[in-house]
Amino acid sequence: MDARAQVEMTAPATIPTTAADSTTATATPTTAPAAVVVLDGDVNDYMRQVIERRFQLAREAGARVIILQIDTYGGYVDAGQSIARFLKRQDDLHVIAYIPVKAISAGAMIAVAADEIVMEPTAQIGNSGVITGTGQELSGTNRAKAESMVIEEFHDSARRNGYDPLLLETMVVYERTVHFVENVESGERRLVRPEEYKELTADGSWRPVPDVRNPLDAPDTLLTMSADLAKTVGLASEIVQNLPSFIASRDYEIVGRFEPAFGDYVVAFFNSFAVRGLLTTVLLFSLYMSFSSPGQGMPEVIAMCALGVLLGVPMLTGYATWIELVAVLLGLVLIAVELFVLPGFGLPGITGLILVFGGLVMTFAPTVTLPDATFGFAIPWGNVAQGLFVVTAGLVCSLLLWFWLNRYLPRLPYFNRLILTTVAGGSSADSPATVGGAEATGPAVGEMGEALTDLRPGGAARMQPDGTVVQVVSDSGFVKAGERLVVREVAGNRIVVRAVS
């Protein structure tokens, strides 16, 4: 059903006539054991898992009241819906949405699903319009489909908790105009649309509620309410100065406070764009070192650690699934096949690069997005653009770092075994290459040899004339077994060679 048709069928509810009447009837008795559960930050799949775990811990601690402290600008629709539906299933608990600062977008969806809402004086709630990954509003059928499921979630909360459905849907639907009126004689209050507003106020029996903006929500805004307004329209049950005073007023016995732990902060830290960009640089730089001089050990370990974080954290937060994981791992396998199994640079290498790059980029996009009429799911281009920027920046930084180290740091004890450098060749009569003033071991620069194995780029070679077998690295890419070689550099136990045509 079209979202707007569904909205029009909803009848307005009556708003309490006094502030005192707006206190919810579901308030629990005093002296009840209570726990504080903190919901702070982006609403995503990881937050959903955290909230469910904290509720279970609070229940095990003996809590019968959960004060869900919400402070968020929102997040993803599916995660917000999951948390909202989870709250509605807690039949053995009285859940209070406590808003000290803000419950915006998905945060509002979660708050209205609780049994009651309590706000601090400067708090805000609302602004739950559905937008794309670029931050832009949807239009046409896509907008109707996306809004429909969100509106129904708000309507379900309204039916459950006695809120006016029109009040909640104005947080979601753009271009909605709503007036807040009261009967001059009885004091009855209603939220009405413009057509009904004209009819009710035509004879003077109804009027706009004093000291409340009129209209309550204009056609060019999404409804966002302060604490005072939320209480006036019957959404908030209380306005309190702070959490301790609220707990004292209800005489709750706090049995636990469940808030972000060290692990949650670690996940948030590694999920930031700056850290993910840095990890991308580390990953790509380590891969360069691993593929250029395999078997060293440390580059491979660093690459695996960086890759684990780059894929693991997005999978926790719902930005990635096994699809991105398989794409990146398959891409790395194809690149390794290209370098160590198949000569040259062909389809496996190109495909592998595309899979690795694309998989890393898509870890910046949410797993579940809004429905789209064409593909079934809308492409979150804003998230994709952010991923492209971060991964590309990491790629560029890793290349610059590689070139810098390759040029200036070949004499360091560790890097001199990892970095390919090209020096002018000499004759076999030249003196052996030296590093840091000390004579290098192994064959001399300019000495000839033969590749015993394919060099991809590392492998074995037999040097002439004594027939010594040594491990070498080609500075010119793939070299087939049997080709003649010339020593270009000797640095410690690292021998750099080039094929001789």
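This report walks through the fold of one predicted protein chain, from its overall make-up down to a few single residues.

The model is predicted, so to speak with its own filters: local features need pLDDT of at least 70, side-chain atom pairs count only at pLDDT 80 or more, and totals for chains, interfaces and linings use all residues. Residues are numbered from 1 along each chain as its sequence is written, and side-chain values use heavy atoms, with hydrogens and water left out.

## Overall make-up

The protein chain has 15 helices and 20 strands; helices (H or I, at least four residues) and strands (E, at least two) are DSSP runs, numbered from the N terminus. Of the 501 residues, 49% are buried, where buried means under 20% relative accessible area, exposed over 50% and partly exposed in between (1.4 Å probe, protein chains only). About 22,900 Å² of the chain is exposed, and carbon and sulfur atoms supply 60% of that; the areas come from the Shrake-Rupley method with a 1.4 Å probe, and for residues only the protein chains shown count as cover.

Take the contacts (heavy atoms within 4.5 Å) with a separation of 6 or more: residues 24 or more positions apart account for 66% of them.

## The open sheet

An open sheet of 6 strands runs in the order 12-6-4-3-2-13, with parallel pairing. Two strands count as paired if DSSP finds at least two bridges between them. Strand 12 (238–239) and strand 13 (253–258) are the edges: each has a single partner strand, so one side of each is left without a neighbour in the sheet.

Strand 6 (residues 116–119) is joined to strand 12 by 2 bridges, with Val 118 opposite Glu 238. Strand 6 also pairs with strand 4, in the parallel sense and over 4 bridges, and there Tyr 98 stands opposite Val 118. In a regular strand the side chains alternate between the two faces of the sheet. Both faces of strand 6 are covered: Glu 116 and Val 118 on one side, Ile 117 and Met 119 on the other, are all buried.

Helix 2 (residues 45–60) lies across strand 2 (33–40), strand 3 (65–71), strand 4 (94–99) and strand 13, at about 170° to strand 2. Axes here are lines fitted to C-alpha atoms, for helices over the stretch in contact, and angles run from 0 to 180 degrees between N-to-C directions.

## Cores and helix packing

What sits inside? The largest nonpolar core has 61 residues, and those with the most contacts inside it are Phe 55, Leu 68, Ile 117, Ile 125, Met 225 and Leu 235. Such a core is a set of buried Ala, Val, Leu, Ile, Met, Phe, Trp, Tyr and Cys residues joined through side-chain atoms within 4.5 Å. Helix 4 (residues 106–113) gives the most to this core, with 7 residues. A second, separate core of 21 residues includes Leu 279, Leu 310, Leu 332 and Phe 364.

Ile 117 touches, among others, Ala 97, Ile 99, Ile 125, Tyr 163 and Leu 235, not counting residues up to four places away in sequence.

Helix 3 (residues 77–88) packs on helix 4 at an angle of about 10°, with the axes 8 Å apart. That makes the two helices roughly parallel, a label for angles under 35 degrees (over 145 is roughly antiparallel, 65 to 115 roughly perpendicular, the rest oblique). The contact involves residues including Gly 80, Ile 83 and Leu 87 of helix 3 and Met 109 and Ile 110 of helix 4.

## A hairpin and some backbone oddities

Strand 8 (residues 179–183) and strand 9 (residues 189–192) run antiparallel, joined by 4 bridges, with Glu 182 opposite Arg 189. The hairpin has 5 residues between the strands, and Gly 187 takes a positive phi near 80°.

Two residues that are not glycines also have a positive phi:

| Residue | Phi | Loop | Relative accessibility |
|---|---|---|---|
| Asn 127 | about 55° | strand 7 (124–126) to helix 5 (140–161) | 33%, partly exposed |
| Asp 251 | about 60° | helix 9 (243–250) to strand 13 | 42%, partly exposed |

A cis peptide bond joins Asn 214 and Pro 215, with omega about 0°; Pro 215 is in the loop between strand 10 (206–208) and strand 11 (224–226).
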